[in-house]
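Student: Could you pick one part of this protein and take a close look at it with me? I'd like to see what sits around it, and which charged pairs turn up elsewhere.

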Amino acid sequence: MTMSEGPRWTNDDLFSIRLRPCTAGILRHLLDPMIPFVWIVGYQPNPRSEWWHCRLPMSRSGRPAPVEVRGLRCDLLMPTSRFFERLDDFDGLDLFQMRRSVPDTLVLEALEDHDRVRILVQNGLYASFSLPRPMECATFATVERSAMERALANETVRSLAY
């Protein structure tokens, strides 16, 4: 992508780029550290279909217990600063950077496709990132042209954008 082409403006008023094969580490150059929250949707700490050992609370108030799990999937909400500290723990992920904490009642899978972006923006969406697996193509989108321009000003991002 040349800078004169600029980002693609989507039908739902987002500025979007595709990235050549990369890892989640590219998020160091895409996310804004001043935007307070990162929401990771459908996170799987072990995406392979196999039993593995971990410590997991059995209830909201319970102490973590040693168990074998398979197919563990959850949403994570954390401060952007903590996400950056743990960035190397993530492989593929679907992530939303949010200006506000995500309400308990906002469930991504429950949103109709045609309403999804509008509702996310109403709830504080700043940017989104999707990377199915490490070293696959990714998508980055943001509600602000200036945020996309900042991202594309970074040589690492610009070299991966198409």
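**Charged pairs, then a strand**

Tutor: Let's start with Glu50, which is partly exposed because its relative accessibility of 29% lies between the 20% and 50% cut-offs. Keep in mind that we're looking at a predicted model. Glu50 makes a salt bridge with Arg48, and the closest N and O atoms are 3.0 Å apart. Arg48, with a relative accessibility of 57%, counts as exposed because that is over the 50% cut-off.

That pair is one of nine salt bridges found in a search of the whole structure. Another one links Arg73 to Glu109, with 4.0 Å between the closest N and O atoms. Arg73 belongs to the loop between strands S5 (64-69) and S6 (74-79), while Glu109 belongs to the loop between strand S7 (93-98) and helix H3 (113-122), so this pair ties together parts that are 36 residues apart in sequence. Both of these residues are exposed. A further salt bridge joins Glu136 and Arg133, whose closest N and O atoms are 3.1 Å apart. Glu136 has a relative accessible area of 26%, so it falls between 20% and 50% and counts as partly exposed.

Now for the close look: strand S7, the one that comes before the loop with Glu109. Five of the six residues of S7 are buried, so the strand is largely enclosed by the rest of the structure. Which strands pair with it? One is S3 (residues 37-43), which is antiparallel to S7 and joined to it by five bridges. As an example, Val41 has Asp94 in S7 as its bridge partner. The other is S8 (residues 125-131), also antiparallel to S7, with six bridges between them. Here Leu95 is matched with Phe129 of S8.

Let's zoom in on a single residue of S7, Met98. Is Met98 buried or exposed? It has 0% relative accessibility, so it counts as buried, being under the 20% cut-off. What is it in contact with, once you set aside its neighbours within four places in sequence? The list includes Phe37 and Trp39, and S3 covers residues 37-43. Leu125 and Tyr126 are among the contacts too, and S8 covers residues 125-131. Ile35, Pro36, Leu120, Asn123 and Gly124 are also in contact with Met98. Try finding Leu125 in the picture: 27 residues separate it from Met98 along the chain, but their C-alpha atoms are separated by 4.6 Å.

Technical notes. Residues are numbered from 1 along each chain as its sequence is written. This is a predicted model: local features need pLDDT of at least 70, side-chain atom pairs count only at pLDDT 80 or more; totals for chains, interfaces and linings use all residues. Side-chain values use heavy atoms; hydrogens and water are left out. A salt bridge is a side-chain nitrogen of Lys or Arg within 4 Å of a carboxyl oxygen of Asp or Glu. Buried means under 20% relative accessible area, exposed over 50%, partly exposed in between (1.4 Å probe, protein chains only). Helices (H or I, at least four residues) and strands (E, at least two) are DSSP runs, numbered from the N terminus. Two strands pair if DSSP finds at least two bridges between them. Contact means heavy atoms within 4.5 Å.
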